[in-house]
Amino acid sequence: MASEVRRLRGVRSTWVVVAGAVAVNAAVAAFTASRLPTGELATADAVRAVAAVVPALPLPLTALAAAVLGALAYGNEARWPGLPASRVTLGRRLSALLAKSLVVGAAALLLTVVTLGVNALAVWLALPAAVDAPTLFDPSGLPGAPFAAGGIGRPLAAFPALVLAGGWAGLLITSLVRSAVVGILLTCALPALLEPTAGLLLHRTGRNWPLWMRELMPFQYGLDFVRSAADRTAGALDGVVAAALLAPAALLVLAAVLAQVRRRSL
């Protein structure tokens, strides 16, 4: 574990990705806040501003940065192995993959905390005076519990999980293709395929994504073009929706483990 932390921390590209992610997030958050309509700030607008969600991207910027960190963590191992090939048994490979997952997960969560804090500050500084934002910056003005339906707590609590999933996806996909560049590209392409497909399958069963999740999944807005206005209702996070989210992750973990079983090196 300690060696994985040193490897990730000792690579200059790690700090370049982190610094770039924080700077770009702050710029997007400030730009989004400056263009908000006057009046009371809606929860959906607050979520998109603080999370710096760009509708054209497959994932929020912080999740993309975490995916790059995950891809680099495995790509550096493929380029500069930490153990000789003769000593890399299956147990060592799986242990190394688990250690990388824990380190990438911790880095993704730390990046989430930093970017959310910087984004909130950028939104507060760039917010027009005509926008009333009690639900975001004044706890005394909250209409109810922040984790109640329609509050800002649920989507912001789901945001770290999304960033964590992005980091792990970048790591596991790169472990399959053994190339950081290809792993990053596939990680970016995966949500574009999975999100609309899962959304349409849920729609066929009479379900939709919960509204507080849709704000963090930009591709779901594309589904509005194939739905009637009556079908664009928010759903609940029931077992079927949870299975639609967890099934691709389980398949990816299984594929990564099977790939290590068939190899002789990490």
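Reader: Leaving aside its neighbours within four places in sequence, which residues is T14 in contact with?

Author: Beyond the neighbours within four places in sequence, T14 is in contact (heavy atoms within 4.5 Å) with L8 and L69. The model is predicted, so that local features need pLDDT of at least 70 and side-chain atom pairs count only at pLDDT 80 or more, whereas totals for chains, interfaces and linings use all residues. Residues are numbered from 1 along each chain as its sequence is written, and side-chain values use heavy atoms, with hydrogens and water left out.

Reader: In which helix does T14 lie, and is T14 buried or exposed?

Author: T14 belongs to helix α2, where helices (H or I, at least four residues) and strands (E, at least two) are DSSP runs numbered from the N terminus. T14 counts as buried because its relative accessibility is 7%; buried means under 20% relative accessible area, exposed over 50%, and partly exposed in between, with a 1.4 Å probe and protein chains only. In the protein chain of 266 residues, 41% count as buried.

Reader: How should the packing of α2 with α5 be read?

Author: A pair of packed helices is described by the angle between the axes and by their distance. Here α2 (residues 12-34) and α5 (residues 90-126) pack at an angle of about 30 degrees, and their axes lie 8 Å apart; the axes are lines fitted to C-alpha atoms over the stretch in contact, and angles run from 0 to 180 degrees between N-to-C directions. Among the residues of α2 that meet α5 are V18, V22, N25 and A29, while the α5 side includes L111, V114, V118 and N119.

Reader: What is notable about the phi of A52 and of R178?

Author: Most residues other than glycine have a negative phi. A52, although not a glycine, has a positive phi of about 55 degrees; A52 sits in the loop between α3 (43-50) and α4 (61-79), and counts as buried because its relative accessibility is 0%. The phi of R178 is likewise positive, near 60 degrees, and R178 is placed in the loop between α7 (153-177) and α8 (180-204), where R178 is partly exposed, with a relative accessible area of 34%.

Reader: Where in the protein chain is confidence lowest, and where is it highest?

Author: Where pLDDT is low, predicted coordinates should not be read in detail. By pLDDT, the predictor's confidence in each residue from 0 to 100, helix α6 (residues 134-137) is lowest, at a mean of 54, and α2 is highest, at 92. Over residues 221-233 the pLDDT is below 50, and this stretch has 17 contacts in the model beyond near neighbours in sequence.
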